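Trainee: I have a model open and would like to go through the fold. Can we start with the sheet and then look at the packing?

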Amino acid sequence: MTTALFQDSLDGKRIVVVGAGSHIGRALARTASAAGAELILAGPDADRLAATASTLPRPARIQPTDLTDEDSIRALAEAAGSVDHLVSTAAVPANGPVHDLVLADVHKAFAAKVFGPLLLAKHLAGRMNEGGSLTFFSGVAAWRPAPERVVMATTNGALSFLVEALAVELAPLRVNAVSPGIVDSGAWDRLGQDKEAFLRGVAGRNPARRTGTPDDVVRSVLYAMGNPFVTGTVLHVDGGARLV
């Protein structure tokens with residue numbers, strides 16, 4: 001992925017990436033590090049964060065963080081110090097029929113997508129440098145709900161409203177969301193031999209006629225961080241999936 005467009009905006013900037021231990025968070029960390037950013041990698045699994053750090057062209061700090069624990073989020077903020085941008089890709093699934101849902105799992109899903117971002121804003125907004133931003137991850141499920149995805153649709157939808165409210169209250173700090181569709185990031189590898197057929201089906205339905213890549217999503221995050229006139233916005237990176 002070409003980073004030249006964002007080189008000036010990221011060189012020397014301190015960026016906190018929550019969810020840096022997997023998939024899109026890892027791809028974002030690699031791109032931002034290559035563009036000169038100073039990274040703080042956060043997430044629940046220290047080993048996965050270390051694995052991401054080992055792939056980066058520049059040294060990065062690791063801060064294990066539990067979005068269900070406000071003390072852990074407070075510790076992240078204190079460790080980070082002054083910050084230019086924060087991105088959270090965090091998500092915890094709680095899928096299944098409504099009558100089978102376990103409340104503890106629902107709480108974890110809301111912690112990752114709603115409560116956690118709210119607390120990240122609470123503890124890090126005051127540490128943001130001029131021109132700073134918060135970028136969170138919603139998802140196409142909020143606009144295309146499906147059976148057994150009630151919690152996913154609700155948490156992603158709530159996050160989209162949260163960024164609007166935060167953008168107003170925390171102004172001039174900018175707050176946005178990126179909403180991916182189906183992205184071949186590695187998350188679908190669990191399907192095994194069925195993965196390729198699944199992705200072909202998704203591509204056939206999307207107006208863009210393809211599935212997404214991590215680079216597609218990373219470009220949108222960089223845009224949200226780098227454009228000073230974008231705030232309170234959900235950037236849909238779903239190939240038009242929400243429309244069909």
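Mentor: We will take the sheet, then the helices on it, then the cores; keep in mind that this is a predicted model.

Trainee: What is the strand order in the sheet of 7 strands?

Mentor: The order is 3-2-1-4-5-6-7, in an open sheet with parallel pairing. Strand 3 (61-64) and strand 7 (234-237) are the edges, each pairing on one side only. On average, neighbouring strands are turned by 20° against each other, ignoring direction.

Trainee: How many bridges join strand 5 to strand 6?

Mentor: There are 5, between residues 128-137 and residues 174-180, and the two strands run parallel. One bridge pairs S133 with R174 of strand 6.

Trainee: Which strands does helix 8 touch?

Mentor: Helix 8 (residues 214-226) packs on the sheet against strands 1, 4, 5, 6 and 7, at about 165° to the direction of strand 6. Helix 2 (residues 23-34) lies across strands 1, 2, 4 and 5, and runs at about 170° to strand 2.

Trainee: Changing topic: which residues touch the most other members of the largest nonpolar core?

Mentor: V18, L86, L120, L124 and F136, out of 30 residues. Among the elements that supply at least two residues each are strand 1, helix 4 (70-80), helix 5 (103-124) and helix 6 (150-169).

Trainee: What is L86 in contact with, leaving aside neighbours within four places in sequence?

Mentor: Its contacts include V16, V18, L120, L124, M128 and F136, as well as S133 and T135.

Trainee: And what lies apart from that core?

Mentor: Another core, of 28 residues, including A27, L56, V217 and A224.

Technical notes
Residues are numbered from 1 along each chain as its sequence is written. This is a predicted model: local features need pLDDT of at least 70, side-chain atom pairs count only at pLDDT 80 or more; totals for chains, interfaces and linings use all residues. Side-chain values use heavy atoms; hydrogens and water are left out. Two strands pair if DSSP finds at least two bridges between them. Helices (H or I, at least four residues) and strands (E, at least two) are DSSP runs, numbered from the N terminus. Axes are lines fitted to C-alpha atoms, for helices over the stretch in contact, and angles run from 0 to 180 degrees between N-to-C directions. Contact means heavy atoms within 4.5 Å. A nonpolar core is a set of buried Ala, Val, Leu, Ile, Met, Phe, Trp, Tyr and Cys residues joined through side-chain atoms within 4.5 Å. Buried means under 20% relative accessible area, exposed over 50%, partly exposed in between (1.4 Å probe, protein chains only).
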